[in-house]
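Visitor: I would like a close look at one part of this model, the open sheet and what surrounds it. Please take me through it step by step.

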Amino acid sequence: MEYTQVAHGQKLTTFLLLFLLITGTVGIAQKKKKSTEKIQRPNVILINVDDLGYGDLSSYGNDLFQTPNIDRLVKEGVRFTDGYVSAPVCSPSRHGLLSGAYQQRFGVQWNHDTWKMKHRQEEEIIPSNHKFINQAFSDAGYVTAMAGKINLQGYPKTTFNYNYSLTSSGSNYFPEPNGKYFGVDDKPGENSKPKGGWTPTLWGPERAGEEYLTDRCGRQCVEFIEEHKEGPFFFYLAFNAPHTPLQAKKSDLPRVSHIKSEPMKLYAAMVLAIDDNVGRILDYLEKEKLRDNTIVVFVSDNGPANPIHLSLPSWWPEDTPYHLLGQRGPLSGFKGNMWEAGIRVPYIISWPAQLEQNVEFKKAVSTLDLYPTLCAAADVKIPEQTTLDGQNLLPFLRGNYNDDPHETLFWYANRMGAARMGKWKFLVEENKHYLFDLENDIAETTNVSKENPVVMQTIFEAYINFRNEMPALRNPFLRPLDIPSPDVIGLPIIEGE
């Protein structure tokens, strides 16, 4: 009996030890699994269109035609009323966006500062130790890709993992009979742009079955997502549209038939193609249940083009009324100058899983802010030796809507320049200095510098200090044009109808 009790006690002790060992091991395993489990990081799609005006989206006041898919982004995110680019022309603006730094820090003031120069053939525009935003995401384990207009040094090479339909500075929207798009996917040392100007295809395609370039880039974006939907991925979708040449799809003619101006019909159809492809991408994300945790950003690289500065082709209709290629809404100016319509653009951020939806943010922000904001959202480390001039907008988009992300924003090229400080805007052009109260005068009609001398002195000194920080422009043999303001041109600008 005694033996039986001892044996029973030994068995019970052994059982308890085994139970504790097993449960302890399971607990350790569960803790280990929990500690190594990765938080799902968001996917990122950064859409940058070319020469789209502030007033070209229905969510920004356009009533000439509708952009329902881009408006979906507004309903599912944040619409910025005072969103700015860092330059009023293509290449400097893209340098600022992708580097996260004022492009003037690299000697880039205007497009020609990025051209190849015999006296500085091997010099890097952006030093290799300063990483582009996509490189920061690559280093953090993201698969990166882009489609469309790159406009940076090294074309056709880029720093993305995958490239689709690359163009350096412009292209045709329909292919030639051999399937080649002029200006797209050129080989090293090749420039396939047609001599004497772009092919004057207005409404295409000329041959059945040919793909419109905007549709091609949209399709390639969706196909990339399909292949990498396990994520995380970063896709830079840089549509060349609605930049000239004005080429649009015949199938979109019914949607723009109410517009009187032929160039504006073409332009509107080009914008509608962008909107359709934004919808295509959003629909795919929703189908794959990726939409909530995918950050989608939509911006333009600068304001609408002024055709007075273009060499108009022979096919341009003679009876066309003079108007901008695009709509600027209540703003003054256009692409190439630093009045509001040249630098203030549609600017939307949508991230349904983390940000409030259908929100309007009224403080000044910059495309320089996208680098630190997207990195913060994705827990991506800012690379060492990469200095950013933007601000992380997430704290402001999570409830601090009345706080100002920037004390001052700056623009500068040759003798043109501007600064935004709160509601105040300083502008220098044609050797004239202006001060505008944008809160009460968004159209910049009244120079109030004399009435506000202290404000004028403060903002002017900040602007001069910024200029003094910057090196000389990279290409001193070509100087940026000082594109005059609307009143200097002497032609009435009407909205295209």
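Guide: In strand 4 (residues 143-149), Lys149 stands opposite Thr167 in strand 5. That pair is a good place to enter the sheet. Keep in mind that this is a predicted model.

Strand 4 and strand 5 run parallel, and four bridges pair them. They belong to an open sheet of eight strands. The order is 5-4-7-1-9-10-2-11, and the pairing is mixed. Strand 5 (162-167) stands at one edge and strand 11 (359-361) at the other. Each has a single partner strand, so one side of each is left without a neighbour in the sheet. From one strand to the next, the twist averages 10°.

Now move inward, to strand 1 (residues 43-49). Seven of its seven residues are buried, so strand 1 is largely enclosed by the rest of the structure. In a regular strand, side chains alternate between the two faces of the sheet. Both faces of strand 1 are covered. One side carries Asn43, Ile45, Ile47 and Val49. The other carries Val44, Leu46 and Asn48. Buried here means under 20% relative accessible area.

Strand 1 has strand 7 and strand 9 as neighbours in the sheet order. Towards strand 7 (residues 233-238), four bridges join the two, and they run parallel. Ile45 stands opposite Phe235 in strand 7. Towards strand 9, the pairing is also in the parallel sense, over seven bridges. There, Val44 has Ile295 as its bridge partner.

Next comes a helix against the sheet. Helix 2 (residues 68-75) lies across strand 2 (78-80), strand 9 (294-300) and strand 10 (347-350). Its angle to strand 10 is about 60°.

What empty space is left around these elements? Rolling a probe the size of a water molecule over the atoms shows where empty space is left. The count comes to three cavities of 30 Å³ or more.

The largest cavity holds about 50 Å³ of space. This brings us back to the opening pair, as both Lys149 and Thr167 are in its lining. Gly148, Ser165, Tyr173, Leu213, Thr214, Cys217, Phe239, Asn240 and Ala241 complete that lining. Strand 4, strand 5 and helix 5 (213-227) each give two or more residues to it. Helix 5 gives the most, with three. By class, the lining has five nonpolar, five polar and one charged residues.

The second largest cavity holds about 40 Å³. Ile295, the bridge partner of Val44, is one of its lining residues. So is Ile349. The others are Trp351, Leu355, Thr373, Leu374, Ala377 and Leu394. Helix 9 (residues 370-377) supplies the largest share, three residues. This lining has seven nonpolar residues, one polar and no charged ones.

Open space is a separate matter. The second largest pocket has a volume of about 220 Å³. Eight charged residues line it, with three nonpolar and one polar. The charged ones include Asp82, Arg344, Lys362 and Lys363. Also in the lining are Ala364, Asp404, Arg420, Gly422, Lys423, Leu438, Glu439 and Ile442.

Two of those names, Arg420 and Gly422, lead to another group of strands. Arg420 sits in strand 14 (residues 416-421). Six of the six residues of strand 14 are buried, so strand 14 is largely enclosed by the rest of the structure. Met416, Ala418 and Arg420 are on one side. Gly417, Ala419 and Met421 are on the other.

Strand 14 pairs with strand 13 (residues 409-413) in the antiparallel sense, over five bridges. Phe410 has Ala419 as its bridge partner. Two residues lie between strand 13 and strand 14 in a hairpin, where Asn414 has a positive phi of about 60°. Strand 15 (residues 424-429) also pairs antiparallel with strand 14, over five bridges. On this side, Ala419 stands opposite Phe426. The hairpin of strand 14 and strand 15 again has two residues between them. Gly422 is in that turn, with a positive phi of about 65°.

Finally, the wider setting. The protein chain has 12 helices and 16 strands. Of its 497 residues, 57% are buried. Among contacts with a separation of 6 or more, 72% join residues 24 or more positions apart.

Conventions:
Residues are numbered from 1 along each chain as its sequence is written. This is a predicted model: local features need pLDDT of at least 70, side-chain atom pairs count only at pLDDT 80 or more; totals for chains, interfaces and linings use all residues. Side-chain values use heavy atoms; hydrogens and water are left out. Two strands pair if DSSP finds at least two bridges between them. Axes are lines fitted to C-alpha atoms, for helices over the stretch in contact, and angles run from 0 to 180 degrees between N-to-C directions. Contact means heavy atoms within 4.5 Å. Buried means under 20% relative accessible area, exposed over 50%, partly exposed in between (1.4 Å probe, protein chains only). On a 1 Å grid over the protein atoms alone, a cavity is a set of points where a 1.4 Å probe fits but cannot get out, and a pocket is an open set with protein on both sides within 12 Å along at least five of seven lines; lining residues have an atom within 4 Å of a point. Grid points are joined across faces, edges and corners, and a volume is the space filled by probe spheres set on the points.
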